[in-house]
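Please open the model in your viewer and keep the selection panel at hand. The stops below go from one contact surface to the next, and each begins with something to select.

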2 protein chains.
Amino acid sequence: MHKEHTLTKNQQIIFDLIDKSPEPLKAYSILFNVQKKGIKAPPQVYRALDKLVEMGKIHKIESRNAFIACHNSSCQVAKATAFSICEICEKVTEISSAGLSKYLANFKDKDGMKYSKYNLEFFGLCKKCR
Amino acid sequence: MHKEHTLTKNQQIIFDLIDKSPEPLKAYSILFNVQKKGIKAPPQVYRALDKLVEMGKIHKIESRNAFIACHNSSCQVAKATAFSICEICEKVTEISSAGLSKYLANFKDKDGMKYSKYNLEFFGLCKKCR
DNA sequence: TACATAGTGTTATATTATAACAATTTAAAT
DNA sequence: ATTTAAATTGTTATAATATAACACTATGTA
Ligand SMILES: [Zn+2]
Ligand SMILES: [Zn+2]
Ligand SMILES: [Zn+2]
Ligand SMILES: [Zn+2]
């Protein structure tokens, strides 16, 4: 049985914050929010973020430089992520679609190359903003 | 007949540089390279980049904070982009696949929502690096 | 214990991007 | 041609995002 990832103190503090947040959090907003818990400097935040991303516990929304918790067990292994982003209210939702992930995992480029790792960001208007 | 986009002086200088580059360029590397042509400060670069992205002449590789010229007429309208990125040599290739763009443009999320705008970045190893 | 590995705390600095405002150029309207 | 509006440019300063480097501490393993 392989060892489960147990979060370290800083990782746990930062994961909890992101996990509770209804919206993606930016690194310096995280820093501000955890200073009362003793995490005082950017490297502490970025290190924890890096590890959490590596573990698949959180994802980075690249177009927004922000971090969101993952609730989709499959992408923890695959590092294959998809999101929808509302261009008005900035609501971000992780897309969990077997069809989509299957299509993308099987997609071959012109050289016949397959890619199991990808990041897809869809942009549009959410229900509320339409 | 609608007006063609004619590039302004700064836009042209910066587009030419990106267009000639075999690899994505970062904003401050662009700045360094065009200083001899009189473009001296970051805002001048970022403004031109913003407009060029808006026109679809270049794309931003979000995971790399770098810019690449577009050679694919279709995404100028759709703002629907896909790239493959080599995790070793950082080679970036724009993917132009009718099948992929059709699939993504027709993809519906759980709320039945469609998205004509998206950015997809595939990660893996290029031919050389495998 | 001894050793290696991972995590932490800290300071400083690098990199990426925008705010704000004045001046200039361009294109359209009178 | 003159006026006007819009877009672009030039410039300085600063904000926001991210990493380097180094000393130290905790954790796991031989
Ligand atoms: Zn996920
Ligand atoms: Zn919305
Ligand atoms: Zn393109
Ligand atoms: Zn390569």
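A polar contact, as the term is used on this tour, is a pair of N or O atoms within 3.5 Å. With that cut-off in mind, and remembering that the model is predicted, select Gln44(B) together with DNA strand D: an N or O atom in the side chain of Gln44(B) is 2.5 Å from a phosphate oxygen of the strand.

**Around DNA strand D**

Keep DNA strand D selected and add the side chains of chain A that reach its phosphates. Lys26(A) places an N or O atom of its side chain 2.4 Å from a phosphate oxygen, and for Asn65(A) the corresponding separation is 3.5 Å. The elements that give two or more residues to this surface are H3 of chain A, together with helix H1 (9–20) and H3 of chain B. Now widen the selection to everything near the strand, which brings up 17 residues, the closest being Lys26(A), Tyr28(A), Lys60(A), Gln44(B) and Arg47(B). Coloured by class, these residues divide into six nonpolar, four polar and seven charged. On the DNA side, sugar or phosphate supplies 45% of the atoms of DNA strand D within 4 Å of the protein, and the rest belong to bases.

**Around DNA strand C**

Select DNA strand C next, with the 18 residues that surround it, of which Gln44(A), Arg47(A), Lys26(B), Tyr28(B) and Lys60(B) are the closest. Of the atoms of this strand that come within 4 Å of the protein, 48% are accounted for by sugar and phosphate. Three side chains of chain A are worth displaying here as sticks. Thr8(A) has a polar side-chain atom 3.1 Å from a phosphate oxygen of DNA strand C, Asn10(A) brings an N or O atom of its side chain to 3.1 Å from a phosphate oxygen of the strand, and for Lys51(A) the distance from a polar side-chain atom to a phosphate oxygen is 3.5 Å. The elements that contribute two or more residues to this surface are helix H1 (9–20) and helix H3 (42–55) of chain A, along with helix H3 (42–55) of chain B. By class, the surface has six nonpolar, five polar and seven charged residues.

**A hairpin in chain B**

Moving to chain B alone, select residues 58–61 and 66–69, which are strands S1 and S2 and which pair in the antiparallel sense over four bridges. Within this pairing, Ile61(B) has Ala66(B) as its bridge partner. Four residues lie between the two strands of the hairpin, where Asn65(B) takes a positive phi near 50 degrees.

**Between the two protein chains**

Finally, hide the DNA and select the surface where chain A meets chain B, at which 27 residues of chain A are in contact with 27 residues of chain B. The area buried between the chains is about 2500 Å², with carbon and sulfur atoms giving 66% of it. What joins S5(A) to strand S5 (residues 117–124) of chain B? Seven bridges do so, and the two strands run antiparallel; Phe123(A), for instance, has Lys117(B) as its bridge partner. To see a salt bridge, display Lys117(A) and Glu87(B), whose side chains meet at 2.5 Å, N to O; the count between the two chains is three salt bridges. The polar contacts between chain A and chain B come to twelve residue pairs, both residues at pLDDT 80 or more. Helix H5 (98–106) and strand S5 (117–124) are the elements that give two or more residues to the side of chain A that touches chain B, and S5(A) gives the most, with eight residues.

Key: Residues numbered from 1 in each chain as written. Chains lettered and ligands numbered in written order. Predicted model: local features only at pLDDT ≥ 70, side-chain atom pairs only at ≥ 80, totals over all residues. Heavy atoms only, no water. Contact = heavy atoms within 4.5 Å. Buried area = accessible area lost by both parts, 1.4 Å probe. Salt bridge = Lys/Arg side-chain N within 4 Å of Asp/Glu carboxyl O. Polar contact = N/O pair within 3.5 Å; in protein donor to acceptor, adjacent residues only side chain to side chain. Pairing = 2+ DSSP bridges. Near = heavy atom within 4 Å. Nonpolar A, V, L, I, M, F, W, Y, C, P; charged D, E, K, R; others polar.
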